[in-house]
Amino acid sequence: MKVFFRSIHLYLSLAAGLVIMVTCFTGAVLVFEEELNHAFNHDRYYVKPAGEKLPVSTLIANLEAKQPGAKVSGIRLYGDPERSVELTFTPGKKGEGRKKDGGAATGEKAGDAVATPLKGDTGAVNAQNGDAAVAALQAKGKKAEKNGQEKTAGDKGGKAPAGKGGGKKAFMNPYTGELIEVYVYQDTFFYTMFALHRWMLGGAVGKVIVGVSTLVFLFILLTGIILWWPKTKNILIQRVKVKWTAGWKRLNHDLHIVLGFYTAIFLFIFAFTGLAWSFEWFNNGIYKVTGSDPKGTPPPSSQYTENTPRISFDSAYQLAATAAPGAYYYNLSAPKDSAAAFVVNLLPADAAHESATTNVFIDQYAAKVLKVQPFSERNLGQRVRSSFKPIHVSSIYGIPSKIIGFIVCLLGVTFPVTGIIMWIQRLKKKAKARKNREKREPVEMAA
């Protein structure tokens with residue numbers, strides 16, 4: 001049986017080893033994406049408080065002045081007074097902006113608009129943490145659990161994959177109204193790492209390759225544990241310690257066997273949760289196993305009133321902050337159409353993890369809270385699925401779990417290498433034994 005499992009372990013590793021190395025390496029890079037982004041781009045994310053914050057409508061107007069035709073679909077406001085404000089917007093077409101009569105540019109002017117179907121409004125395009133949930137609620141009117149599904153790793157400022165030229169993010173100073181920077185995630189180094197991690201830069205085909213390789217990786221880890229399992233106590237002692245003073249062959253063996261044992265459970269969890277982004281059947285299985293409805297509870301709708309102006313982002317924010325005060329951030333998403341509710345997705349200060357968000361639904365005409373849906377009120381399947389992202393990116397317990405995830409992913413890069421070295425050594429050993437046997441056979445025949 002050992003020979004059988006060793007063969008499975010070897011050939012599966014040879015087939016998927018390169019993809020496993022790439023996903024582990026990119027996973028290690030993405031673990032600290034938020035911290036690295038904030039460290040190297042401090043002025044993008046942080047400002048100096050100076051007096052009272054400006055209304056959101058003023059920030060929108062300033063953005064439209066800098067980006068004619070910009071259509072704001074989402075806004076993120078932080079509880080931290082030193083954080084900048086993030087406006088997600090769709091760029092206007094060339095020549096779009098000011099009307100011929102000198103009127104306002106298209107887009108969300110001061111947050112007020114006559115109540116007509118908003119066919120051009122794309123909803124929330126930012127798919128970080130709770131933003132994907134907001135977009136799904138508005139686009140489909142049903143699904144309340146898409147929290148963070150479009151990103152396997154990264155910070156609270158990340159985005160879901162999209163083509164270049166799509167949604168952009170403007171970072172603005174809430175005290176001065178200054179446009180700090182227009183940020184396009186798809187143009188960054190971390191997006192390249194993310195695209196490698198998710199689909200090897202190969203689109204739909206690459207996504208399948210990564211998904212299949214992830215499944216194969218699970219079997220590699222299981223067979224590795226079977227091969228590691230010791231028969232005696234002495235062997236157990238050897239397989240839980242690296243003999244650093246040994247020769248390079250023994251050291252390579254220990255780096256593969258011993259460190260592989262310590263990291264196997266973490267790598268298995270990372271690979272298992274990663275399947276949720278590769279296969280629809282896996283996602284459906286989560287809800288089937290938990291006996292939950294993936295659609296969740298349909299969100300409430302606004303009571304359409306003809307010729308009634310839509311409430312502003314400022315009004316929506318004030319209502320949400322009153323209904324759920326003290327949140328780490330508030331994501332405001334404009335209604336997709338004339339019947340949709342204003343949705344504010346927020347992360348409570350005492351949230352269990354970064355995906356444990358609360359949704360506040362607001363009537364876009366009557367300026368009243370229709371429903372507050374805390375994370376605890378989602379069904380079991382939705383709660384389980386939302387936990388996959390913080391587990392997968394190692395942020396579930398903050399910096400300590402991120403450090404573990406970073407180390408484990410780096411070690412995951414080395415295992416295909418040390419395993420191939422062990423295989424080559426075994427082949428050389430067999431070849432040498434065969435030659436020695438061939439040398440002995442003529443002597444024995446002559447005797």
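**Figure 1. Lys169 and Glu86, a buried pair in the predicted model.** Lys169 and Glu86 are both buried in this predicted model. A salt bridge joins Lys169 to Glu86, with 3.5 Å between the closest N and O atoms. The pair links distant parts of the chain, since Lys169 belongs to strand S3 (residues 168–172) and Glu86 to strand S2 (residues 85–90), 83 residues apart. For Glu86 the relative accessibility is 2%. Because the limit for a buried residue is under 20% relative accessible area, Glu86 at 2% counts as buried.

**Figure 2. The salt-bridge network of Arg83, Glu86 and Lys169.** Salt bridges link Arg83, Glu86 and Lys169 in a network. Side chains of opposite charge can pair when their charged atoms come close. Within the network, Arg83 forms a salt bridge with Glu86, and the closest N and O atoms of this pair are 3.7 Å apart. The salt bridge between Lys169 and Glu86 has its closest N and O atoms 3.5 Å apart. Arg83 has a relative accessibility of 4% and counts as buried. The structure holds six salt bridges.

**Figure 3. The salt bridge between Arg44 and Glu181.** The side chains of Arg44 and Glu181 meet at 3.0 Å, N to O, in a salt bridge. This pair also links distant parts of the chain: Arg44 lies in helix H3 (residues 42–45) and Glu181 in strand S4 (residues 179–183), 137 residues apart. Arg44 counts as buried, at 7% relative accessibility. Glu181, with a relative accessible area of 28%, is partly exposed. The two labels follow from the cut-offs, because buried means under 20%, exposed means over 50%, and partly exposed covers the values in between.

**Figure 4. The nonpolar surface patch that includes residues of helix H13.** Six side chains are shown: Phe25, Ile399, Ile403, Phe406, Ile407 and Leu410 form a nonpolar patch on the surface. Together these residues have about 490 Å² of accessible area. Helix H13 (residues 399–446) provides the largest share of the patch, five residues. Leu410 is found in H13. The relative accessible area of Leu410 is 35%, and this residue is partly exposed. Leu410 at 35% therefore also passes the accessibility cut-off for patches, which is over 30% relative accessible area.

**Figure 5. The largest pocket and its lining.** The volume of the largest pocket is about 900 Å³. Its lining has 37 residues, and those closest to the pocket centre are His9, Leu227, His256, Ile257 and Met422. At least two lining residues come from each of helix H1 (2–31), helix H7 (203–228), helix H9 (248–274) and H13. H1 supplies the largest share of this lining, 11 residues. Sorted by class, the lining of the largest pocket comprises 21 nonpolar, 11 polar and five charged residues.

**Figure 6. The second largest pocket, lined in part by H9 and H13.** The second largest pocket has a volume of about 370 Å³. Its lining consists of Trp248, Lys249, Arg250, His253, Ile421, Met422, Ile424, Gln425, Arg426, Lys428 and Lys429. H9 and H13 each give at least two residues to this lining. The largest share, seven residues, is from H13. Four nonpolar, two polar and five charged residues make up the lining of the second largest pocket. Met422 appears in this lining, and Met422 is also among the residues closest to the centre of the largest pocket.

**Figure 7. The largest cavity and the residues around its centre.** Rolling a probe the size of a water molecule over the atoms shows where empty space is left. Three cavities of 30 Å³ or more are held by the structure. The largest cavity has a volume of about 370 Å³. Of its 24 lining residues, Thr23, His197, Phe270, Ala271 and His392 are the closest to the centre. Two or more lining residues are given by each of H1, helix H6 (189–199), H7 and H9. H1 contributes the most to the lining of the largest cavity, six residues. By class, this lining has 13 nonpolar residues, 10 polar residues and one charged residue.

How values were computed: Residues are numbered from 1 along each chain as its sequence is written. This is a predicted model: local features need pLDDT of at least 70, side-chain atom pairs count only at pLDDT 80 or more; totals for chains, interfaces and linings use all residues. Side-chain values use heavy atoms; hydrogens and water are left out. Patches are made of residues with over 30% relative accessible area and no salt bridge: like charges are joined within 9 Å, nonpolar side chains (Val, Leu, Ile, Met, Phe, Trp, Tyr) within 5 Å. Accessible areas come from the Shrake-Rupley method with a 1.4 Å probe; for residues, only the protein chains shown count as cover. A salt bridge is a side-chain nitrogen of Lys or Arg within 4 Å of a carboxyl oxygen of Asp or Glu. Helices (H or I, at least four residues) and strands (E, at least two) are DSSP runs, numbered from the N terminus. Buried means under 20% relative accessible area, exposed over 50%, partly exposed in between (1.4 Å probe, protein chains only). On a 1 Å grid over the protein atoms alone, a cavity is a set of points where a 1.4 Å probe fits but cannot get out, and a pocket is an open set with protein on both sides within 12 Å along at least five of seven lines; lining residues have an atom within 4 Å of a point. Grid points are joined across faces, edges and corners, and a volume is the space filled by probe spheres set on the points. Ala, Val, Leu, Ile, Met, Phe, Trp, Tyr, Cys and Pro count as nonpolar, Asp, Glu, Lys and Arg as charged, and the others, Gly among them, as polar.
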